[in-house]
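Trainee: I have just opened this one and don't know my way around yet. Could you walk me through some of the strands and turns?

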Amino acid sequence: MKCLCCYEEYEGNRCPVCGFEDVQIIGDNREEALKKIQPMIDAYRVKFLGEHEIGVALMKRKDISSSEITAVPEKLSFGKVQNLIGKDTWLGRSIVAYPDAKKDITVEAVVSHASRERYESASIPGMENAGVIDVGVHVNNDYSFSILISTNGKTIGRSQPIKIRKG
Ligand SMILES: [Zn+2]
């Protein structure tokens with residue numbers, strides 16, 4: 001069955017992705033019943049999306065004087081999920097990309113909910129000529145998101161969709 005809130009397919013009474021509890025319907029007029037529960041679904045969506053935030057953890061150079069780069073992870077947020085749906089949102093930074101031999105870049109996405117954080121590795125292929133990039137996010141209506149890479153204002157890579165799970 002499909003979750004009424006985030007469209008995840010699951011078995012059971014409660015969606016494992018967003019936590020929405022399935023509703024039982026009595027009577028034959030399913031369409032009317034769905035209309036009645038729509039405000040409940042909308043309220044749950046607003047609450048869920050308002051509670052979760054997406055960001056990335058990037059390495060920030062720690063010691064400027066050293067020729068050896070020592071780096072520490074720094075978390076940068078794109079903001080609350082409700083403000084990210086259906087569009088591309090960018091950090092607006094200049095980031096130097098070092099693709100590995102596989103020509104992939106792995107970006108650590110961070111999904112925050114209250115004080116909990118879930119790290120999700122987003123692998124982005126085809127990055128051999130990445131250079132100086134910006135990192136962005138695109139959130140879909142089904143609570144999945146992709147990490148984006150752009151250079152000179154042009155999107156050149158995107159990760160597979162990752163589901164935002166209840167923290
Ligand atoms: Zn769900």
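Mentor: We can begin with strand pairing and then move on to two loop residues. Please keep in mind that this is a predicted model.

Trainee: OK, how do strands E1 and E5 run, and how many bridges join them?

Mentor: Strand E1, residues 52–61, and strand E5, residues 105–113, run antiparallel and are joined by six bridges. If you want a pair to look for on screen, His52 has His113 in E5 as its bridge partner.

Trainee: And what about E5 and E6, in which sense do they pair?

Mentor: E5 pairs with strand E6, which covers residues 116–124, in the antiparallel sense, and nine bridges connect them. Among these contacts, Thr106 is partnered with Ser123 in E6. The two strands form a hairpin with two residues between them.

Trainee: Switching to the turn itself, what is the phi of Ala114?

Mentor: Ala114, which sits in the loop between E5 and E6, has a phi near 50°, a positive value in a residue that is not glycine. That deserves a second look because most residues other than glycine have a negative phi.

Trainee: Is Ala114 buried or exposed, and why?

Mentor: Ala114 counts as exposed because it has 8 C-beta neighbours inside 10 Å, and the cut-off for exposed is 12 or fewer.

Trainee: Where is Asn152, then?

Mentor: Asn152 lies in the loop between strand E8 (144–151) and strand E9 (154–158). Asn152 is not a glycine either, yet its phi is positive, at about 50°.

Trainee: Buried or exposed, that Asn152?

Mentor: Asn152 counts as exposed, since 9 C-beta neighbours are found inside 10 Å.

Key. Residues numbered from 1 in each chain as written. Predicted model: local features only at pLDDT ≥ 70, side-chain atom pairs only at ≥ 80, totals over all residues. Pairing = 2+ DSSP bridges. Helix = DSSP H or I, 4+ residues; strand = E, 2+ residues; numbered from the N terminus. Buried ≥ 20, exposed ≤ 12 C-beta atoms within 10 Å, placed from the backbone.
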